[in-house]
Amino acid sequence: MDLGGLLARGFLLKDQLHDKPCERCGLLYDARESACPHCGGLDAAGLHMLLAEKDREQEGNASMGRIFLLIGAVLAAFVLVGFLSL
Ligand SMILES: [Zn+2]
C-alpha cells in the first residue's frame, strides 16, 4: 500500500475545501491564493486557449457520459427481455 500517495491524496482533498471557481477562467483554485494559478499569468490569447482546452475536456466527459448512458440502456433492455421471457 502506498501510504505516501494516500497521505498526498488526503492533503489534496483537504486543499480542495478552499477551492473556489476563478471568475476569469472558471477553473477551481485555492481561495487563499491572491491570483488564479491557471490564468493568472496568461494574456487574453492564453486564456482563450485555456478555455478552448477546458471545453474539449468537457466534451470528452460528455461523450463518456453518453457511452455510459448507452451501456445502461442496453443493460436495461437485457433485463427487460429477460423479465418478459420468464
Ligand atoms: Zn483563472
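The following paragraphs describe the fold, the extent and selected residues of a predicted model.

The confidence of the prediction is summarised by a mean pLDDT of 88 for the protein, with 92% of its residues reaching 70 or more. Confidence is lowest in helix α1, which comprises residues 3–16 and has a mean of 72, whereas the highest value, a mean of 94, belongs to α2.

The protein contains 2 helices and 2 strands, and these elements follow one another along the sequence in the pattern α-β-β-α. The radius of gyration is 21 Å, well over the 12 Å that the globule rule gives for 86 residues, so the protein is more spread out than a compact globule. Along the principal axes, the C-alpha trace spans about 65 × 40 × 20 Å. Burial is correspondingly described by a single percentage, in that 1% of the 86 residues of the protein count as buried. Among contacts between residues at least 6 apart in sequence, 9% join residues that are at least 24 apart.

Helix α2 is formed by residues 44–84, and its 41 residues should span 60 Å at 1.5 Å a residue; the C-alpha atoms at its ends lie 59 Å apart, which agrees with that expectation. This helix is hardly covered, the count of buried residues among its 41 residues being 0.

Cys 22 is located in the loop between β1, which covers residues 19–21, and β2. Because 17 other C-beta atoms lie within 10 Å, a count between the limits for exposed (12 or fewer) and buried (20 or more), Cys 22 is partly exposed. When residues up to four places away in sequence are not counted, Cys 22 touches Leu 27, Tyr 29, Cys 36, His 38 and Cys 39. The C-alpha atoms of Cys 22 and Glu 33, which are 11 residues apart along the chain, are separated by 11 Å.

Two further residues, Arg 32 and Gly 40, were examined in the loop between β2 and α2. Arg 32 follows strand β2, which is assigned to residues 28–30, and is exposed, with 9 other C-beta atoms within 10 Å. Gly 40, by contrast, counts as partly exposed, with 13 C-beta neighbours inside 10 Å; the cut-off for an exposed residue is 12 or fewer. Distances from these loop residues to glycines further along the chain were also computed: the C-alpha atoms of Arg 32 and Gly 72, 40 residues apart along the chain, are separated by 41 Å, while Gly 40 and Gly 60, 20 residues apart in sequence, are 25 Å apart in space from C-alpha to C-alpha.

Definitions and conventions: Residues are numbered from 1 along each chain as its sequence is written. This is a predicted model: local features need pLDDT of at least 70, side-chain atom pairs count only at pLDDT 80 or more; totals for chains, interfaces and linings use all residues. Helices (H or I, at least four residues) and strands (E, at least two) are DSSP runs, numbered from the N terminus. The expected span of a helix is 1.5 Å times one less than its number of residues. The radius of gyration is taken over C-alpha atoms; the globule rule is 2.2 Å times the number of residues to the power 0.38. Two residues are in contact if their C-beta atoms, placed from the backbone, lie within 7 Å. pLDDT is the predictor's confidence in each residue, from 0 to 100.
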